[in-house]
Every structure is written in structure tokens, then in C-alpha cells.
Amino acid sequence: KNFSGFCLSLLLGFFLTVGNVIGSDLKFPSATEGQISEALQKTVPIRFVPTSPFYYLITVKEIVNRAFQPSSEKRAEFDFIVSGKRLKEVYYLIERGNLKNANKSLARYREKLRDVRNQYEKARSQNQDVVSLTNFMAEGLKNHEILLYAIFEKSGSGLEVNLNVAETGFVETVMLINNVMPGVKDRFKTVTDAEVKEIQPSPSPTPEASQEATPSSRPRRIIF
């Protein structure tokens, strides 16, 4: 019995540690209620959330409208607007306590940002002018960062996994437009924090580990 209890304690400690590690990776800059309200207002309005029986009409409309965009640059702009809608959906779903659908919309936000990056890079490869689009995205991503913070604060631990992935997609999108507008990444604390984490030096191997050499790396015996 004592052994079983010990094993159970170890497993519980392991899962608690994993949960803390996941949560500690999320470091969105804090925002005031006023900033959150402003970010919601600046993000394109949404008529229905995924729980609505009419939500499928929104999906169909988005597919049709995207198909008629005349260029990669315009598709990137359209996809970026839709990504903001997905993030706004997440916020409202959390307010209603619907974490299941909030997780789905957050995953769709991440996927839509991937579409944005693909179309943006395609537009650049075709020598399309993306300067105005870059400015538009830089302003919009500031609202995304605020909403990601608000979502993280409201959701507790319910969205941590998808929030981690969404944060990565957000950072990658900022870094992409930074190639056209150098220095724009410095506007986003989420990105600068991510860069700091990346440059942290790896821990030095312990003396015990360094002594455990593989056969190919064992020191040769020198005979005088």
C-alpha cells in the first residue's frame, strides 16, 4: 500500500510540474480593461459565434469571399481579417463558459494565421506591393496581442495548449512582416520575450555526464 501511494504521489507531482511548465511559457503583456474593450471594437464585428445555428452561413460566406480575392496580397489581407474574427470568437465563447468551442476557434485562429503567412510570402515572391498590407497587419497584431492576454486571463488553464501554439503563430507572423518593416517586432513584448527565451544558454553538462563517453568519443590512450 505504501509503495502504491508513493507511485501515485510521483505521478501527481509529475503532472502538476508539466502543467506549471506549460503555463509558465505564456507571457502575454498585461492590458487594461480599456485597452481590451478598444481592441474588441477595432476588430471586425462578428454576428454569430460557433454555437449559433446560423454560424455555417458565416463559414460559407468567408469561403466564397476568399475565392474572389484578386491576388495573394488581397487574400493575405482577407485571411488576416478573418483571423481577428476567430480571436474575437474565442473571447466571447470564454465569457459564456464554452471552453470546448473556444479551443476549436483558437485552433482555427492559428490555422488562419498560417494562411496569412503563406499568402503574404506568395505575394512577395510575385513582387506584389505589400507595404500597405504590412502596416495594416502591424496595427491589427497589436490588437491580437491584447486579446490573447485577455483570453489567457479569462480561460485559466483551459486553453493553455492551444494558447502556446497560437502564441508561436503570432510571433512567426510578426517576424514575417518584420522582414519588410524592420524593427516592427520591437513593438510586441510577446516577441521580444520569445527572443530572450531562445537565446538563453543551454545548461552545461555535468561532470558525470561528460565522463560517460560513447565508444567513438572515448579519449585515446596515449603511450609514451
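What follows is a short chat about helix α3, some aromatic pairs and two buried residues in a predicted model.

Q: Before we start, what should I keep in mind about the model?
A: It is predicted, so local features need pLDDT of at least 70, side-chain atom pairs count only at pLDDT 80 or more, and totals for chains, interfaces and linings use all residues. Residues are numbered from 1 along each chain as its sequence is written, and side-chain values use heavy atoms, with hydrogens and water left out.

Q: Okay, helix α3: what should its 13 residues span?
A: Helix α3 covers residues 55-67 and should span 18 Å at 1.5 Å a residue; the end C-alpha atoms are 19 Å apart, which agrees. The expected span is 1.5 Å times one less than the number of residues, and helices here are DSSP runs (H or I, at least four residues) numbered from the N terminus.

Q: Which residues of α3 are buried?
A: Tyr55, Ile58 and Glu62. Buried means under 20% relative accessible area, exposed over 50%, and partly exposed in between, with a 1.4 Å probe and protein chains only.

Q: Why do you say they line one face?
A: Because, seen down the axis of α3, the buried residues fall within an arc of 45°. That arc is taken from the directions from the helix axis to the C-beta atoms. The face turned away from the buried side carries the exposed residues Tyr56, Lys61, Ile63 and Ala67.

Q: And what covers the buried ones?
A: The cover includes α4 and α5.

Q: Switching to rings: how many aromatic pairs are there?
A: Five. Rings of Phe, Tyr and Trp (its six-membered ring) pair if their centres lie within 6.5 Å; planes under 30 degrees apart count as stacked, over 60 as edge-to-face and the rest as tilted. One of the pairs is Phe80 with Phe136, edge-to-face at 5.8 Å centre to centre and 75° between the planes.

Q: Where do those two sit?
A: Phe80 is in helix α4 (residues 72-95) and Phe136 in helix α6 (residues 131-155), 56 residues apart, so the pair links distant parts of the chain. Phe80 is buried at 4% relative accessibility, whereas Phe136 is partly exposed at 36%.

Q: Back to α4, what does Ser83 touch?
A: Ser83 lies in helix α4 and is buried at 0% relative accessibility. Leaving aside neighbours within four places in sequence, Ser83 is in contact (heavy atoms within 4.5 Å) with Tyr109, Lys112, Leu113 and His144.

Q: Is Asn101 buried or exposed?
A: Buried, with a relative accessible area of 19%. Asn101 is in helix α5 (residues 99-125), and beyond neighbours within four places in sequence it is in contact with Pro50, Thr51 and Leu93.
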